[in-house]
Amino acid sequence: MAAPPPAAAATGPHSVFVYGTLMAEEVVRVLLGRAPPSSPALLPGHRRFSLRGRVYPAILPAPGYAVSGKVFMGLTNRELHVFDMFEDEEYVKKTVEVSMADTLEKSLAYAYIWGNEGDPDLYGEWDYEEYPICGL
């Protein structure tokens, strides 16, 4: 399932790059009871896809593309576990290098990568602005 965390981050605090429904602060507040500090970020070498019949996206490695999102910082082990449960087994948690948009510094963070590269339900680009927050 999830890749083991880097040795230094095994006990937290953790950073997680999000690029879909978790970019909505309202969703994160419902899940964690708070909105951890975050910063806009870019994940190079990946592409965000829509998934037929679903409101959430998937990302996969793709040279020449980059995914915009944000990094939540200072997550506890419990909060990381909540994100793991929210993302379910269709995603694989991996450590990635992101570029922080405000400082251009590179940073390591977890990201949830779609586990099925050949999924026939992947199509087009997913647009956060079109995401229905479902009354939250």
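A good place to enter this predicted model is Asp88, which sits in the loop between helix 2 and strand 4 (91-100). Although Asp88 is not a glycine, its phi is positive, at about 65 degrees. The relative accessible area of Asp88 is 37%, and the residue is therefore classed as partly exposed, since this class lies between the buried limit of 20% and the exposed limit of 50%.

A second residue with this kind of backbone setting is Leu104, again not a glycine and again with a positive phi of about 65 degrees. Leu104 belongs to the loop between strand 4 and strand 5 (106-114). Here the relative accessibility reaches 70%, so Leu104 counts as exposed, the class that begins over 50%.

With these two loops located, the overall fold can be laid out. The protein chain contains two helices and six strands. Read from the N terminus, these elements follow the order β-α-β-β-α-β-β-β. Of the 136 residues in the protein chain, 41% count as buried. The protein chain exposes about 7,200 Å², and 55% of that area comes from carbon and sulfur atoms. Contacts across the sequence are well represented: among contacts in the protein chain with a separation of 6 or more, 72% are between residues 24 or more positions apart.

The two helices meet each other. The axes of helix 1 (residues 25-32) and helix 2 (residues 77-87) come within 10 Å and cross at roughly 115 degrees. Helix 1 and helix 2 are therefore roughly perpendicular to each other, a class that covers angles from 65 to 115 degrees. The crossing of helix 1 past helix 2 is right-handed. On the side of helix 1, the contact is made by Val27, Val28, Leu31 and Leu32, which meet Arg78, Glu79, Val82, Phe83 and Phe86 of helix 2. By type, the residues of this helix contact comprise seven nonpolar and two charged, with no polar ones.

Strand 1 (residues 14-18) offers a close-up of contacts across the sequence, through its residue Ser15. Leaving aside residues up to four places away in sequence, Ser15 touches Val71, Phe72 and Met73, and also Leu108, Ala109 and Tyr110. The C-alpha atoms of Ser15 and Gly74 are 6.2 Å apart, although 59 residues separate the pair along the chain. Ser15 has 21% relative accessibility and so counts as partly exposed, because buried would require a value under 20%.

Key. Residues numbered from 1 in each chain as written. Predicted model: local features only at pLDDT ≥ 70, side-chain atom pairs only at ≥ 80, totals over all residues. Heavy atoms only, no water. Helix = DSSP H or I, 4+ residues; strand = E, 2+ residues; numbered from the N terminus. Buried < 20%, exposed > 50% of the residue type's maximum accessible area, 1.4 Å probe, protein only. Contact = heavy atoms within 4.5 Å. Areas by Shrake-Rupley, 256 points an atom, 1.4 Å probe, with all protein chains shown as cover. Axes fitted to C-alpha atoms, helices over the stretch in contact; angles between N-to-C directions. Parallel < 35°, antiparallel > 145°, perpendicular 65-115°, else oblique. Left-handed = near helix turned anticlockwise from the far one by under 90°. Nonpolar A, V, L, I, M, F, W, Y, C, P; charged D, E, K, R; others polar.
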